[in-house]
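Let's take a look at this model together, working from its enclosed space out to the chain as a whole. Have the viewer open as you read.

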Amino acid sequence: MSPSGTGYLGAGSTIRTRIALVYGGVFLVLGALLLLVVNLLVRAGTDGEKEAIVARAGEVAVVEAYRIGDDVGRAANEQMLMWSCLALLVIACGAVVVGWWTAGRVLRPVHEMTARARRLSERDLGGRLAVRGPDDELKELGDTIDALLGRLETAFDSQRRFVANASHELRTPLATQRAALQVGLDEDCEVRQVLLDTNRQSERLLDGLLLLARGERGLAEREDVPFAEVVAEEYEDVAVAESGVVRGSRVLLRQLVRNLVANAVAHNVPGGTVDVRVDGGVLTVVNTGPVVPPDEVESLFEPFRRGAGRDRTGPGAGLGLSIVRSIAAAHGGTATAVARGAGEGGGLVVTVTLPATVTRRS
């Protein structure tokens with residue numbers, strides 16, 4: 001076996017194929033050893049018989065008897081070797097076929113478990129593999145997977161309830177606080193605006209956390225969303241190379257674009273630029289800004305990470321790119337970033353790639 005665990009046949013080979021070939025290979029080796037021993041024993045026995053025949057021949061016929069004996073022995077050995085090898089190859093092929101059939105019978109429960117597991121998802125964790133049959137290793141594996149699915153179902157249900165409850169329980173007091181500040185404090189009060197700004201920042205943080213949790217849970221429903229149209233709704237100056245339709249949530253995709261554009265604007269420099277381009281399911285946002293060290297780019301996608309010069313008292317919550325990557329992953333896509341050098345104006349090139357059906361513009 002190779003270090004990857006797939007064997008020397010490569011990652012594309014199936015367990016059934018490997019079992020069949022191993023079965024046939026082992027039979028071929030053992031059969032070859034058997035035939036080798038048989039041929040050596042037959043050769044030795046033939047030589048002994050030849051000596052006995054020559055001993056019974058007269059003195060005049062000794063030379064001729066030796067010659068005839070050698071010819072007969074050689075012909076017999078050649079015929080036996082030829083037919084033995086042919087029989088070995090035929091039977092080895094039969095062993096591979098038998099191994100293939102046997103492996104298929106043995107691995108049938110595994111294929112059934114795989115098919116059932118593929119039908120399960122985060123939205124349908126109530127199903128189980130329910131492997132039937134003798135109490136063997138395969139049934140034990142199926143029962144273990146069922147137990148794992150049960151724990152996952154409980155964990156996801158708990159997370160959904162928590163997000164729903166948090167959305168209600170946390171929004172209500174924040175809204176109450178905002179109303180109390182707006183009504184209870186005069187507009188000329190110095191503390192009023194500070195408290196209102198803090199309240200709004202808390203609301204943005206809550207919205208970001210809930211959106212991040214929603215994106216990481218995946219999509220309950222999908223629809224065909226014209227990606228370029230969604231981007232144009234958030235950024236009018238978008239350049240569209242090719243239009244594409246993405247299967248997903250229009251609300252989440254709009255939030256993805258909104259976060260990307262807001263991040264590009266917030267982390268820009270005075271007089272800087274923001275370029276947005278759509279090519280099918282690929283969205284590219286390029287901005288000028290502070291120079292980001294290349295080894296720090298990936299960390300910008302972590303929650304609560306801010307760009308250079310940003311602190312925890314600023315207006316952002318540090319969730320912009322985290323939410324972008326989470327929403328992209330929920331749609332089966334990716335979000336990456338590349339730092340621009342000082343000679344290019346600094347900033348980032350952020351690329352979101354989503355599975356999309358490209359539609360040609362007329």
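## The largest cavity

In this predicted model, the lining of the largest cavity is made up of six nonpolar and two polar residues, with no charged ones. The residues around this space are Leu-260, Asn-263, Ala-264, Val-285, Asn-287, Leu-321, Leu-348 and Val-350. H6, E4 and E6 are the elements that each contribute two or more of them, and H6 gives the most, with three residues.

How much space lies in the largest cavity? The volume is about 50 Å³. If you filter for cavities of 30 Å³ or more, the count comes to one.

## The largest nonpolar core

The largest nonpolar core has 36 residues, and those touching the most other members are Phe-227, Val-231, Leu-256, Leu-260, Val-276, Leu-283 and Val-352. Each of the following supplies at least two residues of this core: helices H5 (227-234), H6 (250-266) and H7 (320-330), together with strands E3 (274-279), E4 (282-287), E5 (334-339) and E6 (348-353). With seven residues, H6 provides the largest share. Leu-260 is worth selecting in your viewer, as this residue is named both among the core members with the most touches and in the cavity lining.

Leu-283 is another good residue to centre on. Which residues is Leu-283 in contact with, once its neighbours within four places in sequence are left aside? They are Phe-227, Val-231, Leu-256, Val-257, Leu-260, Val-276, Arg-277, Val-278, Val-350, Thr-351 and Val-352.

## Helix H7

H7 is mostly covered, with eight of its 11 residues buried. These are Leu-321, Ser-322, Ile-323, Val-324, Ser-326, Ile-327, Ala-328 and Ala-330. One of them, Leu-321, also appears in the lining of the largest cavity.

After H7 comes Gly-332, which has a positive phi, near 80 degrees.

## The second largest pocket

Now for an open space: the second largest pocket, with a volume of about 200 Å³. Its lining consists of Thr-14, Ile-15, Arg-16, Leu-107, Val-110, His-111, Thr-114, Ala-115 and Arg-118. Helices H1 (15-56) and H2 (62-119) are the elements that give two or more residues to this lining. H2 gives the most, with six residues.

By class, the pocket lining divides into four nonpolar, three polar and two charged residues. For the largest cavity, by comparison, the lining has no charged residues.

## Ala-32 in helix H1

Helix H1 also holds Ala-32. Is Ala-32 buried, exposed or partly exposed? Its relative accessibility is 35%, so Ala-32 counts as partly exposed, since that class runs between the 20% and 50% cut-offs.

Ala-32 also makes a handy marker for a pair that is separated in sequence. Between Ala-32 and Ser-84 there are 9.0 Å from C-alpha to C-alpha, while their positions in sequence are 52 residues apart.

## The chain as a whole

Stepping back, the chain contains seven helices and seven strands. Following the sequence, their order is α-α-α-α-β-α-β-α-β-β-α-β-β-β.

Of the 362 residues in the chain, 32% are buried. The accessible surface comes to about 22200 Å², and carbon and sulfur atoms account for 60% of that area. Among contacts with a separation of 6 or more, 63% are between residues 24 or more positions apart.

Key. Residues numbered from 1 in each chain as written. Predicted model: local features only at pLDDT ≥ 70, side-chain atom pairs only at ≥ 80, totals over all residues. Heavy atoms only, no water. Core = buried A, V, L, I, M, F, W, Y, C linked by side-chain atoms within 4.5 Å. Buried < 20%, exposed > 50% of the residue type's maximum accessible area, 1.4 Å probe, protein only. Helix = DSSP H or I, 4+ residues; strand = E, 2+ residues; numbered from the N terminus. Contact = heavy atoms within 4.5 Å. 1 Å grid on protein atoms, 1.4 Å probe; cavity = no way out; pocket = protein on both sides within 12 Å on 5 of 7 lines; lining within 4 Å. Points joined across faces, edges and corners; volume = space filled by probe spheres on them. Nonpolar A, V, L, I, M, F, W, Y, C, P; charged D, E, K, R; others polar. Areas by Shrake-Rupley, 256 points an atom, 1.4 Å probe, with all protein chains shown as cover.
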